[in-house]
Structure formats: structure tokens, C-alpha cells
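Reader: I'd like to learn how to read salt bridges and a ligand site in a model like this one. Can we go through it together?

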Amino acid sequence: MDTFQALVARQDEDRISTAVETLTTADLPPGEVTIRVLYSSVNFKDALALTPGGGVVRKYPVIPGIDLTGEVVDSQSPEFAVGDMVLAHGYQIGTGHHGGYAEYARLPADQVVPMGALSPHDGAAIGTAGFTAAMSVQALIDWGIAPDAGSVVVTGASGGVGTVSVDLLADAGYRVVASTGKPQAAELLKMLGASEIIGRLPTDPKAKPRPLATARWAAAVDCVGGATLADVLSAVDYGGAVAASGLTGGPALHTTVMPFILRGIALLGMESVQMAIGPRRNLWARLGDSLRPRHLADITTEVDVKNVVEVVDQVRAGAFTGRAVVRVAGGF
Ligand SMILES: NC(=O)c1ccc[n+]([C@@H]2O[C@H](COP(=O)([O-])OP(=O)(O)OC[C@H]3O[C@@H](n4cnc5c(N)ncnc54)[C@H](OP(=O)(O)O)[C@@H]3O)[C@@H](O)[C@H]2O)c1
């Protein structure tokens, strides 16, 4: 293990390039737990890390990959022993700290999550996107949205957060409306449990947004932001809530106070990056058990780490469906 392979991203003026490089363990950052990485994944944030001006990487060169799963090969922490199967994501992994697109990673023990009942493959298949989906669904339940409240719309439904949200909500008995820009994903979304498939929101992007529209949704899981989130907010029924996590449709939010003060709805912010390790480990334990997505195999595509850039291009264009698991061990 003195040397190992890694996909390294480097910035050259306004261009970001990636190449497989041979590193030594001395190149790994400090941390108590050294992990032989088995799998990583591709999230929208990984695409941003490889996009000039993406705004998520503080300093190149960096090993991207915001998710990783694997086996502990060295531990200076009483919490972990050699041979333990673990996963990690969030904090600065894959952005400010070397991430999962390498045969080895080293992390502080308080950023490491025991794998529990999940396999390393399924842990990566869930990854940051699936974890955020679980956070979103739990936030709506905690807000008091019951399955008989009405329809829950999921935007960006064919993506990572979207597909896992549809799966989890349908499994919990909610009536799910999947909003997607990909007609070809309709069959998959129905198989995951969506009762209805609609196009992206707003239906007419050129129409003047209305502060309040006819109430259509009991609640929403939104990972798109921008005009989509504004449209969703205007159509959430009295007492409803929106779990908002993303910005694939843009970061700007043009809305009014009307949905909040006339319908008492809540905009619930989802933030998976800084979540403390205790609740993070608890939610992962549930993802391996009572909250385990039923259709992971159906939404997952596997790719070798040496080919990850091809998937990144699709994710960046909003053209990828489901979750991409990155095979790291044996994938160089
Ligand atoms: N807050 C957090 O902690 C957190 C955690 C995870 C992810 N996120 C964010 O959540 C978002 C989704 O992440 P992901 O990994 O699930 O990404 P993803 O797999 O790429 O899915 C995003 C989906 O958004 C839709 N989309 C793409 N471009 C769009 C556009 N211009 N307008 C409207 N819809 C568009 C597409 O779905 P359709 O084609 O089906 O419409 C796409 O599949 C990202 O912004 C990510 O940064 C945040």
C-alpha cells in the first residue's frame, strides 16, 4: 500500500483536467482512519468539482469523490478496527479533503460511519444523494405530513435525490407525483412507485409566476431550486412543507411571503454536508434497515473510476438517470 492509484483533478487556468496518478501514503491527508476504498459514486456536486467555476473545490489538486465506502486498513481510533467496513461523505470529503476516487483515503474518525447492514456497493449507491433523500422524507414526516394528506411532488425526479425520494416516499405509503424533464424515465419512476409523472415545473417557464396558485401538493421534495422551487411553493396546500436541497435549476429564488403567511407552509432546508456525526450515523443505520430503498438495483449504473468523467458529463447536463456507483477497487 506504499503507492496507490488515484484520479486527481488539477486546475490549469480556466480548465480542470483529471488523470490517473500514482500517489504514496504520504500524499494522504492527516486522520485516524485509513480506508481501502471499494466504491464511490457520482453526485451533482462531483460534477461541480470538475467544472471550472463550479464553486465547491477550494483548492486544486484534489481527489474528487464526495462518497466513499470501503474497509479500514489502519486505525488510530478506538472506534474503528482493521477490517471494519465503513462509509463516509460530507464535511470536505472530495472537495477540500481528498475523496473517494482513489484506492485509499484517510479521514478523521469522527467523519466515518460504520457500514452496518449495507454492502459497500449499496452504501455507495445510496451515497450523498440517497442520504439527502432520506433526510428530506424524514423532514416531511417530522413536519407532520401524513400519507393521506394528498400528493407529494418530487422534482428532478429522475436524478439521484429524486429517484431515492420517490422510492422512499412510495414505500412509506405517500401518493407521489414525479416531475421530470426525461419522458424516457417515466417507466422507471412508475416502477419506483410514482402514481403520476409530470414534466418539469413550472409548466410554462415563460408565464409570469403567481405568488399563489391552486393548491396541488400536500408537500414536496425539491432538489432543483430556482423557478421550479418558486412554482412548487405557490402550489403547496395549507400547512404543507417543502424539503429543499438543491439548485440544478439555479440558486435564485423569486417568490413572495404569500405561501408562508396565507397557507402556513414551511420551507425546510436540507443540509447533508455539516450534519453532525451522531445523527448522520443514526440515519445511515436506518438506511440499512427500516428506511432501506427497495429499488436500489433498478436505479444504479456501475462505472469504473477510470471512466468516471463520461458519467460526470451526463450528470452536469442533467441527462443522467438514477445513481452512478463508481467501482474504485479494480476500477483503474
Ligand atoms: N443540500 C445538500 O446537502 C445536498 C445533498 C445532495 C444533493 N444536493 C443537491 O441536490 C441537487 C440534486 O443532486 P443529485 O446528485 O441528485 O443530482 P442529479 O442526479 O444530477 O439529479 C438532478 C436532477 O435535476 C434535474 N435537472 C437538471 N438540470 C435541471 C434544470 N436546468 N432545470 C430543472 N431540473 C434540472 C434533472 O432531473 P429531471 O430530468 O428528472 O428533471 C436531474 O436528473 C443538486 O443541486 C445537489 O447539489 C444537495
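Reader: Which residues are linked in a network of salt bridges?

Author: Keep in mind that this is a predicted model. As for the general idea, side chains of opposite charge can pair when their charged atoms come close. Here, the network of salt bridges links Glu-302, Asp-304, Lys-306 and Arg-327.

Reader: How many salt bridges does the structure hold?

Author: The count is 12. Let's look at a few pairs. Arg-294 and Asp-167 meet through their side chains, with 3.7 Å from N to O. Arg-294 sits in the loop between α7 (277-287) and α8 (296-299), while Asp-167 belongs to helix α3, so this salt bridge ties together parts that are 127 residues apart in sequence.

Reader: Is Asp-167 buried or exposed?

Author: Buried means under 20% relative accessible area, and Asp-167 comes in at 1%, so buried it is. Its partner Arg-294 is partly exposed, at 45%.

Reader: What does the pair Arg-175 and Glu-196 tie together?

Author: Their side chains form a salt bridge at 3.1 Å, N to O. Arg-175 is in strand β9 (residues 175-179) and Glu-196 in strand β10 (residues 196-198), so the parts tied together are 21 residues apart in sequence. Arg-175 is partly exposed at 33% relative accessible area, and Glu-196 is partly exposed too, at 30%.

Reader: How far apart in helix α9 are Arg-316 and Asp-313?

Author: Three residues, or about one helical turn, within helix α9 (residues 308-316). The side chains of Arg-316 and Asp-313 meet in a salt bridge of 2.8 Å, N to O. Arg-316 is partly exposed, with 35% relative accessible area, and Asp-313 is partly exposed as well, with 39%.

Reader: On to the ligand. How many residues surround the ligand, and which are the closest?

Author: There are 27 around the ligand, and the closest are Ser-158, Val-161, Thr-180, Arg-200 and Ser-272. By class, the shell has nine nonpolar, 15 polar and three charged residues.

Reader: Which side-chain atom lies 2.9 Å from an oxygen atom of the ligand?

Author: A polar one of Lys-182. Arg-200 also places a side-chain N or O atom 2.8 Å from a ligand oxygen. Ser-245 uses its backbone instead, with an N or O atom 3.0 Å from a nitrogen of the ligand. The ligand taken alone exposes 920 Å², and the protein buries 86% of that. Elements giving two or more residues to the shell are α2 (120-143) and α3 (160-171).

Reader: Why does the ligand lie between the two domains?

Author: Because domain 1 (3-115 + 295-327) and domain 2 (130-269) both give residues to the shell around the ligand.

Methods:
Residues are numbered from 1 along each chain as its sequence is written. This is a predicted model: local features need pLDDT of at least 70, side-chain atom pairs count only at pLDDT 80 or more; totals for chains, interfaces and linings use all residues. Side-chain values use heavy atoms; hydrogens and water are left out. A residue is near a molecule or strand if one of its heavy atoms lies within 4 Å of it. A polar contact is a pair of N or O atoms within 3.5 Å; within protein, one must be able to donate a hydrogen and the other to accept it, and residues adjacent in sequence count only if both atoms are side-chain atoms. Accessible areas come from the Shrake-Rupley method with a 1.4 Å probe; for residues, only the protein chains shown count as cover. Helices (H or I, at least four residues) and strands (E, at least two) are DSSP runs, numbered from the N terminus. Ala, Val, Leu, Ile, Met, Phe, Trp, Tyr, Cys and Pro count as nonpolar, Asp, Glu, Lys and Arg as charged, and the others, Gly among them, as polar. Domain bounds come from an automatic or database domain assignment. A salt bridge is a side-chain nitrogen of Lys or Arg within 4 Å of a carboxyl oxygen of Asp or Glu. Buried means under 20% relative accessible area, exposed over 50%, partly exposed in between (1.4 Å probe, protein chains only).
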